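Me: I'd like to go through this model with you and ask what lies behind each label. Could you set the values against the cut-offs as we go?

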Amino acid sequence: PETELQCPESSFSWIECWNIWPALDYSSEFLGINVGDCGANAYVRAALGGAFENGSMRDDLRTNGLVPLIEPYTGLGYSFIGPGAGASVQPTRLAVSGDLAIVDWVVLEIRQISAPYTVVRSKPALLLRNGSIHDSDGDPYVNFGVLPVGSYRMAIRHRNHLGVMTLGPVLLEQSPGPPVIDFRFAGTVFGGALATTFSGFTRLLWPGDATGDGQVKYTGTGNDRDPILQGIGGSLPTAVVNNVYSPLDINLDGSIRYTGAGNDRDIILQTIGGSVPTAVRQQQLP
């Protein structure tokens, strides 16, 4: 029977084509998909609003040695569809600086094209400063294993940003090379209203979901502001907790701050609109 990462006959997977036609001129279009990465592969790009600054994302978590070697989402209660739980990254990858430096882990989901948009495969992956998302094994594309030929939607999640899903279809296993899905591109259309924010022409995931419940709230029951105060001790608002990997660190600088420069509370207020503290920003994912 067909199993994960096997390429059966007539699967039209890129690795199968790479193996069959290695000497032809257009083999370069397959971009060196590694043996074992059968099935659906995709080049994905995205940007996190909390870490975005001066045209790229900061890698403070990596610089401070805080990015975990093992994906954090299983520990946060996320259930992967497919072999994603416990994925790890080699320590040498965390030594890379510059545009290819790791910012944080994210989750990519392949969903059915029509309602209820059920997740058929999900995978932890690594977001880099330049917006590229690499597989945990270091490949510059994310492999989702063997999937039925057809169109899907793709969603992206982050532990304290609001997730989004493409409105249009993503074709898998039907092109000569992995498709590019760019969540940063201004022209990319997402389901829902105001699914992302912008910095210039760059789309960014909304930051501020400290509780991970799919919404950003500044006041009221289940708000995201109070946990930040509790995270620094609950009594002294000027206190700072440094060197932490926490959903309460909204700007991903490795610290939890409630007041002062670079605090995490103000980002929540900005995400909900900045003027009406009772407003709520909802994640545009079904």
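Me: Happy to start with an odd one: is Arg93 buried or exposed, and which side chain of opposite charge is nearest?

Reply: Arg93 is buried, and the nearest side chain of opposite charge is Asp137, 7.9 Å away. Buried means under 20% relative accessible area, exposed means over 50%, and partly exposed lies in between (1.4 Å probe, protein chains only). Before we go on, this is a predicted model, where local features need pLDDT of at least 70 and side-chain atom pairs count only at pLDDT 80 or more, while totals for chains, interfaces and linings use all residues. Residues are numbered from 1 along each chain as its sequence is written, and side-chain values use heavy atoms, with hydrogens and water left out.

Me: Why does Arg93 have no salt bridge?

Reply: A salt bridge is a side-chain nitrogen of Lys or Arg within 4 Å of a carboxyl oxygen of Asp or Glu. Lys and Arg count as positive, Asp and Glu as negative, and His and the chain ends are not counted. Asp137 is 7.9 Å from Arg93, so no salt bridge is assigned.

Me: Where is Arg93, and what is it in contact with?

Reply: Arg93 belongs to the loop between helix H2 (60–63) and E4. Helices (H or I, at least four residues) and strands (E, at least two) are DSSP runs numbered from the N terminus. Contact means heavy atoms within 4.5 Å; leaving aside neighbours within four places in sequence, Arg93 is in contact with Leu100, Ile102, Leu128, His134 and Gly138.

Me: What makes Arg58 and Glu53 a salt bridge?

Reply: Their closest N and O atoms are 3.5 Å apart, so the pair meets the salt-bridge rule. Arg58 counts as buried because its relative accessibility is 16%, whereas Glu53, at 43%, is partly exposed.

Me: Which other side chain does Arg58 meet in a salt bridge, at 2.4 Å, N to O?

Reply: That partner is Asp60, which has a relative accessible area of 22% and is therefore partly exposed.

Me: And how do you know that Arg257 and Asp253 meet in a salt bridge?

Reply: Their N to O distance is 3.1 Å, so they satisfy the rule. Here Asp253 is buried, with a relative accessible area of 16%, while Arg257 is partly exposed at 22%. Going back to the earlier trio, salt bridges that share partners join Glu53, Arg58 and Asp60 into one network. The count of salt bridges comes to 11.

Me: How many aromatic pairs does a search of the whole structure find?

Reply: The search finds three. One of them is Tyr43 with Tyr141, at 5.9 Å centre to centre and 75 degrees between the planes.

Me: Why is the pair of Tyr43 and Tyr141 called edge-to-face?

Reply: Rings of Phe, Tyr and Trp (its six-membered ring) pair if their centres lie within 6.5 Å; planes under 30 degrees apart count as stacked, over 60 as edge-to-face and the rest as tilted. With 5.9 Å and 75 degrees, Tyr43 and Tyr141 therefore count as an edge-to-face pair. The pair links distant parts of the chain, 98 residues apart: Tyr43 is in strand E1 (residues 41–45), and Tyr141 is in the loop between strand E6 (132–135) and strand E7 (142–143). Both Tyr43 and Tyr141 are buried.

Me: What makes Phe183 and Phe190 a stacked pair?

Reply: Their planes are 5 degrees apart and their centres 5.7 Å apart, so they fit the stacked class. Phe183 and Phe190 are buried too.

Me: How do you know that Arg265 sits over the ring of Tyr258?

Reply: A charge sits over a ring if NZ of Lys or CZ of Arg is within 6 Å of the ring centre and within 35 degrees of the ring normal. The charged end of Arg265 is 4.7 Å from the centre of the Tyr258 ring. Arg281 likewise lies over the face of Trp206, at 3.9 Å from the ring centre.

Me: Why is Ile228 called buried?

Reply: Its relative accessible area is 0%, so Ile228 is buried. Ile228 is in helix H3 (residues 225–231). Its C-alpha atom is separated by 7.1 Å from that of Arg265, 37 residues apart along the chain.
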